[in-house]
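Q: I am new to this structure and would love a close look at one part of it. Please walk me through the aromatic pairs, and tell me where they sit in the protein as a whole.

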Amino acid sequence: MEKRYIALTFDDGPNTTTTVAMLNLLQQTGVPASFFLVGNNITAETVPVVQRAFAMGCEIHNHSMSHRALTELTPEQMLAEVQPVTQRITEITGTPPRFFRPPYIATNPTVFATVPLPMICGFGVEDYNDAISAEERFCRLKEGATDGMILLLHDSEGNDKTVQAVTKLIPALQAQGFEFVTLSRLFALKKVNPQPFDGQLYSVL
């Protein structure tokens, strides 16, 4: 079976509930993921969660300070949403975030020209909507998965349905020949070298 690669990514953490449950699952399965953090959620209580994720081989990236749509901000305000989070992640892990996911995937030419990190999108299944059941999330992810895809999910507090969906998804995709990798590894495997200010939103490599 031909090897296929896919990246799990999670937005809106960290927290001490859903993020921890997701890390427990990833640790049990030996699967890495990439987490896009909201700066306002990085607290004394959640720093150990971030440290654990990093120690497990997960990547830690930037999802803005307060989850505002950057398209509504001035360039100065955009940088105020991005730079403190980069600094905080670097302080916690010793490694600066390589990627940025714009809140609401809201971009325009000014956002691309201002934010000094490559922009990541992904294949999502509306898992921020509690009305979407765990089974529907799982089915849509399984059916939509393709080689080189970035899966866009959320580990926001209380989002247990996504933990349930990913619990089923990991063995299902592994049985199809998928290997789960971090974002950086996926880009390296696909020989794609994203750069800041390149005007691209990356979803499938």
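A: Let's start with a word we will need: a residue counts as buried when its relative accessible area is under 20%. Please also keep in mind that this is a predicted model.

With that in hand, meet F99. Its relative accessible area is 0%, under the 20% cut-off, so F99 is buried. The same reasoning works for F187: at 0% relative accessibility, F187 counts as buried too.

These two residues meet each other. F99 and F187 form an aromatic pair with 5.1 Å between the ring centres. The angle between their planes is 25 degrees, and the pair is stacked, because planes under 30 degrees apart count as such. Along the chain, though, the partners are 88 residues apart, so this pair links distant parts of the chain. F99 belongs to the loop between helix 3 (75–93) and helix 4 (109–114), while F187 is in helix 7 (residues 183–189).

F187 has another ring partner, Y202. Here the centres are 5.4 Å apart and the planes stand at 80 degrees, which makes the pair edge-to-face. Helix 7 holds F187, and Y202 lies in strand 8 (residues 201–202), so this pair ties together parts 15 residues apart in sequence. Like F187, Y202 is buried.

Put the pieces together and you have a cluster: ring pairs link F99, F187 and Y202. F187 takes part in both pairs described here, stacked with F99 and edge-to-face with Y202. In total, the structure holds three aromatic pairs.

Now let's step back to the whole protein. It has seven helices and eight strands. Its radius of gyration is 16 Å, close to the 17 Å that the globule rule gives for 205 residues, so the protein is as compact as a globular protein of that length. If you turn the model around, the C-alpha trace spans about 45 × 35 × 35 Å along its principal axes.

The three residues of the cluster are buried, and 51% of the 205 residues of the protein count as buried. As for links along the chain, look at the contacts with a separation of 6 or more: residues 24 or more positions apart account for 78% of them. The F99 and F187 pair, with its 88 residues of separation, is a good one to trace by eye.

Finally, the outside: the accessible surface comes to about 8800 Å², and carbon and sulfur atoms make up 51% of that.

Technical notes: Residues numbered from 1 in each chain as written. Predicted model: local features only at pLDDT ≥ 70, side-chain atom pairs only at ≥ 80, totals over all residues. Heavy atoms only, no water. Helix = DSSP H or I, 4+ residues; strand = E, 2+ residues; numbered from the N terminus. Rg over C-alpha atoms; globule rule 2.2 N^0.38 Å. Buried < 20%, exposed > 50% of the residue type's maximum accessible area, 1.4 Å probe, protein only. Contact = heavy atoms within 4.5 Å. Areas by Shrake-Rupley, 256 points an atom, 1.4 Å probe, with all protein chains shown as cover. Phe/Tyr/Trp six-rings, centres within 6.5 Å; stacked < 30°, edge-to-face > 60°.
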